[in-house]
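Me: I would like to go through this model step by step, beginning with its sheet and then turning to the ligand.

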Amino acid sequence: MKAKYDFSKGERGKFYNAKAVFQYPQLSRKDIGPKMRLHNKTAIVTGAGRGIGKSVALRFAEEGAKVVVDDVNDANGAETIAAITDAGGEAMFVNADVSSAADTERLIAETVDTYGTVDILVNNAICSTADVLDNNWEANLAVALRGTSHCSNAVIPVMQQNGSGSIINIASVNGLIGLQAIHAYSAAKGGVIALTRSMAVAHGKDNIRINCICPGTIQTEVWEPMLERNPQILDEITPWYPLGRIGQPVDIANAALFLASDEASFATGAVFVIDGGLTAGNHQFPI
Ligand SMILES: NC(=O)c1ccc[n+]([C@@H]2O[C@H](COP(=O)([O-])OP(=O)(O)OC[C@H]3O[C@@H](n4cnc5c(N)ncnc54)[C@H](O)[C@@H]3O)[C@@H](O)[C@H]2O)c1
């Protein structure tokens with residue numbers, strides 16, 4: 001049987017277009033009020049200066065959340081804040097390095113000082129692409145794994161006091177299957193999946209739900225250094241996806257929105273794979 005795409009010729013997938021810069025969702029908050037899915041909720045999103053974290057922050061704001069944008073990049077953080085507040089949403093920026101326990105405690109304290117509480121935490125920050133590609137174990141473990149643990153530990157007492165909470169950890173398909181030789185990143189993400197389950201079991205009694213999302217390839221700025229090395233890289237990746245496209249940041253933001261909302265009240269300790277079918281199997285396997 002003829003394969004749908006000829007990978008060896010770098011044939012294009014259906015939707016990916018290397019020349020198209022991805023768009024962040026345009027915020028429209030026309031129906032402000034109790035019908036919004038995160039009305040009266042306060043959410044912290046780490047690494048929300050760009051990419052998936054920014055998209056999650058915008059999507060949460062669109063659904064009524066007060067959003068705390070955490071990032072180590074002030075300029076990018078300010079851009080996310082402007083996108084939210086210009087559309088009438090509520091947001092504040094905190095520069096906290098998630099690899100520092102002291103910083104994450106300050107992040108939670110500043111959030112409580114400003115908005116009174118924390119209902120939702122999204123652990124999304126990741127070290128630089130260079131550190132991922134160089135297998136920098138220290139950076140990958142410090143930001144992805146210990147960062148997730150630091151932020152979660154700092155927020156849990158607040159959520160315990162509230163009697164509820166939702167923590168969403170952004171892991172990766174690399175935590176589930178072997179893909180490239182980015183072992184430190186894959187191991188850190190596998191650790192995030194294990195940490196999610198372990199903490200979910202411990203805090204079910206507190207009504208704190210802890211889930212993780214494993215995205216497949218998502219078109220964010222993180223791919224820019226790799227596109228410079230190989231402008232065809234996303235075209236080459238696309239045929240691996242049964243849905244015939246790679247993901248957009250909003251694909252993950254929508255999954256995070258579900259997990260943050262009361263609609264997910266029975267979901268905890270779960271691994272939500274949002275990957276266009278990548279890990280379901282090999283759709284090009286010849287039979
Ligand atoms: N883009 C993908 O293809 C993809 C695929 C699977 C999983 N993911 C995961 O999704 C998440 C977001 O990915 P992305 O593509 O948006 O990444 P990105 O690099 O575009 O964004 C990461 C953000 O984290 C910030 N950051 C870095 N170190 C930090 C620290 N110590 N403390 C706080 N913030 C810090 C950066 O400044 C940046 O704004 C990551 O956890 C990543 O592993 C991404």
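Me: In what order do the strands of the open sheet lie?
Reply: In this predicted model, the open sheet is built from 7 strands with parallel pairing. Strand 3 (90–94) and strand 7 (271–274) stand at its edges, and because each has a single partner strand, one side of each is left without a neighbour in the sheet. Neighbouring strands are turned by 20 degrees against each other on average, direction ignored. Read across the sheet, the order is 3-2-1-4-5-6-7.

Me: Which residue in strand 6 is the bridge partner of Asn 169?
Reply: Strand 5, residues 165–170, and strand 6, residues 208–215, pair in the parallel sense over 6 bridges. In strand 6, the partner of Asn 169 is Cys 212.

Me: At what angle does helix 3 run to strand 1?
Reply: Helix 2 (residues 74–86) packs on the sheet, where it touches strand 2 (66–70) and strand 3, and its direction makes about 170 degrees with that of strand 3. Helix 3 (residues 101–115) lies across strand 1 (42–46), strand 2 and strand 3. Its angle to strand 1 is about 150 degrees.

Me: Which helix gives the most residues to the shell around the ligand?
Reply: The ligand is surrounded by 28 residues, the closest being Gly 47, Gly 51, Ala 125, Thr 220 and Val 222. By class, this shell holds 11 nonpolar, 12 polar and 5 charged residues. The element that gives the most, with 3 residues, spans residues 51–62 and is helix 1.

How values were computed: Residues numbered from 1 in each chain as written. Predicted model: local features only at pLDDT ≥ 70, side-chain atom pairs only at ≥ 80, totals over all residues. Near = placed C-beta within 6 Å. Helix = DSSP H or I, 4+ residues; strand = E, 2+ residues; numbered from the N terminus. Nonpolar A, V, L, I, M, F, W, Y, C, P; charged D, E, K, R; others polar. Pairing = 2+ DSSP bridges. Axes fitted to C-alpha atoms, helices over the stretch in contact; angles between N-to-C directions. Contact = placed C-beta atoms within 7 Å.
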